[in-house]
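Work through the exercises below with the sequence and the coordinates at hand. Each task is followed by a stepwise solution.

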Amino acid sequence: MGSRNDYTVMRSAVEVLREFGVPHEVRVVSAHRTPDLLFEYAEAAVPRGLRVIIAGAGGAAHLPGMLAAKTVVPVLGVPVAATVLQGQDSLLSIVQMPKGVPVGTLAIGAAGAMNAGLLAVAMLATTDSALQKKLIAWRSVRRDEVLAQTVGEDEAGA
């Protein structure tokens, strides 16, 4: 995260990773206020065994792109609504990376953070059969929740 304030959004990713038992760390690394720390973190990602980085950032949102520029570990960017532009600025900053420096960009806010967590789980599950089984079970529960919903015509606004 670019700042501790971003945790209100990024908590959704952390909760998903906890639910699936995925080891993770939560760090504040600012592209603008701690650029040396950002470079150190990104350069150490591969030697430390990191397999995916989820980076939430608001405003100019340079954190995901700068991480992606300094490591080959896949970076998932979550735009955080931190300015009067309600995350539109962050979304555009993250999604408009130049060719050759990809960042997987998710939706603005908590939904994007949750999906970033789920996408990270799916990426890790390609080489972890136990994690893949957990993800399949998780999705089955979501499907069953929808199938269990019944709505009569008078309730559906028909």
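**Exercise 1.** Determine how the lining of the second largest pocket divides by residue class, and locate its centre.

*Solution.* Step 1: the lining residues divide into 5 nonpolar, 6 polar and 2 charged (nonpolar: Ala, Val, Leu, Ile, Met, Phe, Trp, Tyr, Cys and Pro; charged: Asp, Glu, Lys and Arg; polar: the others, Gly among them). Step 2: there are 13 lining residues, and G2, H32, R33, A57 and G58 lie nearest the centre. A pocket here is an open set of points on a 1 Å grid over the protein atoms alone, where a 1.4 Å probe fits, with protein on both sides within 12 Å along at least five of seven lines; lining residues have an atom within 4 Å of a point. Step 3: the space in this pocket is about 150 Å³, a volume being the space filled by probe spheres set on the points, which are joined across faces, edges and corners.

The model is predicted: local features need pLDDT of at least 70 and side-chain atom pairs pLDDT 80 or more, while totals for chains, interfaces and linings use all residues. Residues are numbered from 1 along each chain as its sequence is written, and side-chain values use heavy atoms, without hydrogens and water.

**Exercise 2.** Describe the largest pocket by volume, lining and contributing elements.

*Solution.* Step 1: its space is about 730 Å³. Step 2: 30 residues line the largest pocket, with L17, P23, H24, E25 and V52 nearest its centre. Step 3: at least two lining residues each come from α1, β1 (53-58), α3 (63-70), α5 and α6 (129-147); helices (H or I, at least four residues) and strands (E, at least two) are DSSP runs numbered from the N terminus. Step 4: α1 gives the largest share, 4 residues. Step 5: by class, the lining holds 22 nonpolar, 3 polar and 5 charged residues.

**Exercise 3.** Characterise the packing of α1 against α5.

*Solution.* Step 1: the axes of α1 (residues 7-19) and α5 (residues 110-125) come within 7 Å and cross at roughly 30° (axes are lines fitted to C-alpha atoms over the stretch in contact, with angles from 0 to 180 degrees between N-to-C directions). Step 2: α1 is therefore roughly parallel to α5, the class for angles under 35 degrees. Step 3: V9, M10, S12, A13, V16 and L17 of α1 meet A110, A113, M114, G117, L118, A120 and V121 of α5, contact meaning heavy atoms within 4.5 Å. Step 4: this contact has 11 nonpolar, 2 polar and no charged residues.

How values were computed
Parallel < 35°, antiparallel > 145°, perpendicular 65-115°, else oblique.
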